[in-house]
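Me: Please take me through some packing details of this model. Short answers will do.

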Amino acid sequence: MAPVDIGVFIPIGNNGWLISTTAPQYMPSFELNKQIVQKAEGYGFDFAMSMIKLRGFGGKSEFWDHNLESFTLMSALAAITSKIKLFASAAILALPPPIVARMASTIDSVAPGRFGVNIVTGWQQAEYSQMNLWPGDEYFDYRYSYATEYVQVMKDLWRDGASNFKGNHFQMEDCKLSPRPKDGIKIVAAGQSGRGVKFASEYADYNFTLGSGINTPTAHGQATSRLVEATAETGREVGSYVLFMVIADETDEAAQAKWKLYNDGADADALAWMKSESSKDTKADANSTAKSLELPEGAVNLNMGTLVGSFETIASMLDEVAGVPGTKGIMLVFDDFLNGVDNFGQKIQPFMKSRQGKV
């Protein structure tokens with residue numbers, strides 16, 4: 001079995017990725033994320049990524065109402081790590097591409113060759129309308145053409161130190177950048193729709209795919225195959241990284257008991273808010289992030305693929321994930337991140353055939 005990369009999607013927002021009042025409740029902080037990333041680096045994780053979220057979903061759990069900012073957090077983490085790759089997320093409606101290009105170049109000087117930018121086109125209108133930055137619902141139709149121009153401007157600046165790009169959305173006039181990154185900046189996407197996958201195949205180095213279902217580790221195969229087909233047309237190598245939540249314990253029964261507890265505490269008000277926001281893209285295709293987030297009642301895990309079981313069971317299922325053709329890596333979230341990273345490093349990873357030779 002070919003070795004697979006492992007990463008952690010760090011909890012930049014409160015309570016991580018469980019929309020529940022009975023899941024672990026915590027606030028985001030630099031100290032928490034520092035401990036998580038340093039532990040992850042010690043266990044041989046290949047990368048860590050942080051999202052950008054500008055408005056939460058409320059409810060009793062105040063889900064994602066409390067968030068750090070991605071670039072400033074990753075810059076701080078870059079200074080206290082030495083090997084792990086770090087990806088920050090750019091809300092492209094909120095930041096001009098030359099500014100993001102300069103921020104990325106700065107972080108590259110802190111962590112040469114270890115930094116990348118995740119392109120967030122934006123699906124939650126309320127994040128941007130609160131700042132009068134939402135361009136109107138027609139943006140749903142052209143957001144990937146907007147993202148294409150955005151990335152091209154950054155690549156011009158990183159490669160040449162100047163850009164005179166002229167497009168429909170951005171016009172540069174002898175725009176300058178120096179110093180340039182010495183080792184290149186990786187571009188990360190999370191395209192799920194047909195247009196999103198096409199964008200990733202043309203401009204990204206990695207594309208994140210959502211796992212799906214409960215204990216169905218190979219269900220992402222169709223999504224990964226779409227990326228493989230798209231990159232065959234562009235002739236570019238783009239790694240498919242799959243997102244899964246891990247809920248593990250000493251036994252399958254103990255892990256299932258935790259999963260039941262979290263579902264019993266589902267935050268109905270926060271779920272309703274999220275469903276309302278994700279349904280505003282009325283033309284979203286069936287594979288898009290917006291459609292996947294139109295959650296059924298009681299879905300506390302943002303409808304992402306979730307693996308529930310003993311440490312040995314989780315290791316076996318992660319090997320199944322890794323065995324799906326086209327899968328380059330797996331990005332993990334945990335119900336309890338500090339314990340989760342420790343349990344992965346000490347009790348799950350040693351049983352994974354797909355990590356032999358990587359650690």
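The turns below cover two helices, a core and some buried residues.

Me: What kind of model is this, and what pLDDT do local features need?
Reply: This is a predicted model; side-chain atom pairs count only at pLDDT 80 or more, totals for chains, interfaces and linings use all residues, and local features need pLDDT of at least 70. Residues are numbered from 1 along each chain as its sequence is written, and side-chain values use heavy atoms, leaving out hydrogens and water.

Me: Are helix 5 and helix 6 roughly parallel or roughly antiparallel to each other?
Reply: Helices here are DSSP runs of H or I with at least four residues, strands are E runs of at least two, and both are numbered from the N terminus. Helix 5 (residues 139-160) packs on helix 6 at about 15°, with the axes 10 Å apart. Axes are lines fitted to C-alpha atoms, for helices over the stretch in contact, and angles run from 0 to 180 degrees between N-to-C directions. Under 35 degrees counts as roughly parallel, over 145 as roughly antiparallel, 65 to 115 as roughly perpendicular and the rest as oblique, so helix 5 and helix 6 are roughly parallel.

Me: Which residues of helix 6 make the contact with helix 5?
Reply: Contact means heavy atoms within 4.5 Å. Helix 5 contributes Tyr144, Ser145, Ala147, Thr148, Val151, Gln152 and Lys155. From helix 6 come Arg195, Gly196, Phe199 and Tyr203.

Me: Is Ala204 buried or exposed?
Reply: Ala204 sits in the loop between helix 6 (194-203) and strand 8 (206-210). Not counting residues up to four places away in sequence, Ala204 touches Ile187, Ala189, Phe199, Arg236 and Val238. Buried means under 20% relative accessible area, exposed over 50%, partly exposed in between (1.4 Å probe, protein chains only). At 0%, Ala204 is therefore buried.

Me: What is the relative accessibility of Ser201?
Reply: Ser201 lies in helix 6. Leaving out residues up to four places away in sequence, Ser201 touches Leu227, Ala230, Thr231, Thr234, Arg236 and Val238. Ser201 counts as buried, with a relative accessibility of 2%.

Me: Where is Trp64 found?
Reply: Trp64 is buried, with a relative accessible area of 4%. Beyond four places in sequence, its contacts include Trp17, Met51, Phe57 and Leu302. Trp64 is found in the loop between strand 2 (47-49) and helix 2 (70-79).

Me: Which element gives the largest share of the largest nonpolar core?
Reply: A nonpolar core is a set of buried Ala, Val, Leu, Ile, Met, Phe, Trp, Tyr and Cys residues joined through side-chain atoms within 4.5 Å. The largest has 116 residues, and Trp17, Phe115, Val117 and Ile348 have the most contacts inside it. The largest share of this core, 11 residues, comes from helix 5.
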